[in-house]
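Thank you all for coming; I would like to walk you through one model this morning, going from a helix and its surroundings to the charged pairs. Please have the view open as I speak.

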Amino acid sequence: MDRYARWNALLEMLTDNGRVSVEAAAERLDVSQATIRRDFDQLAQQQMITRTRGGAVANGVSYDLPLRYKTAKHSAEKQRIGAAAAALVTPGTVVGLNGGTTSTEVARALAVRPDLNTSAEGAQLTVVTNALNIANELLVRSRMKVVVAGGVVRPKSFELVGPLGGALLREVTLDVALLGVDAIDPQLGAAAHHEGEAAMNNLMVARAKRVVIIADSSKLGGHAFARICPVERVETLVTDSGAAPEVVDAFRAAGVHVVCA
C-alpha cells in the first residue's frame with residue numbers, strides 16, 4: 001500500500017471512528033507504528049487531522065475530505081453509477097455536471113462515448129460544470145464543448161462557488177443536470193455539506209429541464225447541512241445495487257424513477 005492509499009485509509013478510519021491510535025492503525029494497515037506516526041504527522045501538517053498522544057483525532061470538517069482522498073471509497077459502485085448516468089444523455093444536448101467522485105465517473109463515461117464526441121453539426125455535447133477536475137477530464141479525453149462557471153475554488157472538491165459562477169448559470173438552459181450529492185432523502189430531498197456548493201447546484205436545478213441525482217447507496221436516506229432541491233424536483237435517482245429495497249421503494253413512492261446500477 002502506497003502513502004496516498006494509506007492516507008486515504010487513515011482518513012476514512014478517522015471519519016468513521018473520530019479517533020484512532022497508532023497501534024490500531026498499524027495493525028489494521030499492516031505497517032509499522034513508525035510509518036503511521038509519520039503519516040499522522042504529515043496529515044496534521046496539512047490540517048486534516050489533529051495529533052494526540054498515541055494517535056490522532058478527526059478535525060471538525062473531517063466529513064468533507066479532499067477529493068483526492070475520497071476516490072477509493074465505493075469506487076466500483078461509482079463506476080457503475082457513472083456509466084448508467086452517462087447512458088441517460090443523448091447527443092446534441094446541454095448537460096450540467098457538478099463536482100465529486102461520482103460525477104467524475106460520469107464525466108469519464110461521457111468522454112468515451114463515440115456518439116457524443118462526433119464533430120458532425122448538431123451532434124456535439126455541451127457540458128456546463130462548476131468543477132475544474134470535471135472540465136479537465138472532458139477537455140483532455142473528448143471533443144465536447146465545455147463551459148466552466150466562474151467563482152472561487154474550493155480546494156477540497158475543486159468546485160467553483162460564489163456569485164461569479166451564479167451569474168453564468170442564470171444565463172444558460174440545461175437539458176439535464178447530473179448532480180452528485182452528499183445526501184438524498186425521500187422527504188428532505190438532495191443536500192450537500194457545503195452551502196456554497198449547494199447554492200451552485202440549486203442554480204443548476206433551476207436552469208434544468210430534467211434533474212438526475214447520482215449517489216451511491218451510502219448517501220441514500222442521509223442528511224447534510226444545505227439543501228440542493230426538494231425531492232419533487234428530482235426526475236431520476238441513479239444509485240447502486242446495494243441500495244436497501246425499502247429505501248428504493250420510498251423514493252419511487254415519492255415519484256422518483258430509480259435506476260440501480
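**One helix, one patch and several salt bridges**

Let me begin with helix H4, residues 75–86, which has 12 residues and reaches 16 Å from its first C-alpha to its last, close to the 16 Å expected at 1.5 Å a residue. That expected span is 1.5 Å times one less than the number of residues, and the helices (H or I, at least four residues) and strands (E, at least two) that I name are DSSP runs, numbered from the N terminus. I should say at once that this is a predicted model, in which local features need pLDDT of at least 70 and side-chain atom pairs count only at pLDDT 80 or more, while totals for chains, interfaces and linings use all residues. Residues are numbered from 1 along each chain as its sequence is written, and side-chain values use heavy atoms, with hydrogens and water left out.

Which residues of H4 are buried? They are Lys-78, Ile-81, Gly-82, Ala-84, Ala-85 and Ala-86, where buried means under 20% relative accessible area, exposed over 50%, and partly exposed in between, with a 1.4 Å probe and protein chains only. These buried residues pack against helix H5 (101–111) and against four strands, namely S9 (174–180), S12 (208–214), S14 (236–239) and S15 (257–260), contact being taken as heavy atoms within 4.5 Å.

Strand S12 leads us to Asp-216, which lies in the loop between S12 and strand S13 (226–229). Asp-216 is buried, at a relative accessible area of 1%, and its side chain is joined to that of Ser-218 by a polar contact of 2.3 Å. By polar contact I mean a pair of N or O atoms within 3.5 Å; within protein, one must be able to donate a hydrogen and the other to accept it, and residues adjacent in sequence count only if both atoms are side-chain atoms. Asp-216 and Ala-183, although 33 residues apart in sequence, are 9.5 Å apart in space, C-alpha to C-alpha.

Now to the salt bridges, each a side-chain nitrogen of Lys or Arg within 4 Å of a carboxyl oxygen of Asp or Glu. How many does a search of the whole structure find? The search finds eight, and I will take three of them in turn.

In one of them, the side chains of Asp-41 and Arg-51 meet at 2.9 Å, N to O. This pair links distant parts of the chain, with Asp-41 in helix H3 (residues 33–45) and Arg-51 in strand S2 (residues 49–52), 10 residues apart. Asp-41 is partly exposed at 36%, and Arg-51 is partly exposed at 28%.

Arg-108 forms a salt bridge with Glu-137, the closest N and O atoms being 3.1 Å apart. Here, too, distant parts of the chain are linked, since Arg-108 is in helix H5 and Glu-137 in helix H6 (residues 132–141), 29 residues apart. Arg-108 is partly exposed at 32%, whereas Glu-137 is buried at 13%. Both residues belong, with Glu-105, to a network of salt bridges.

The last pair is Arg-210 and Glu-235, whose closest N and O atoms are 3.0 Å apart. Arg-210 lies in strand S12 and Glu-235 in the loop between S13 and S14, so the salt bridge ties together parts that are 25 residues apart in sequence. Arg-210 is partly exposed at 27%, as is Glu-235 at 33%.
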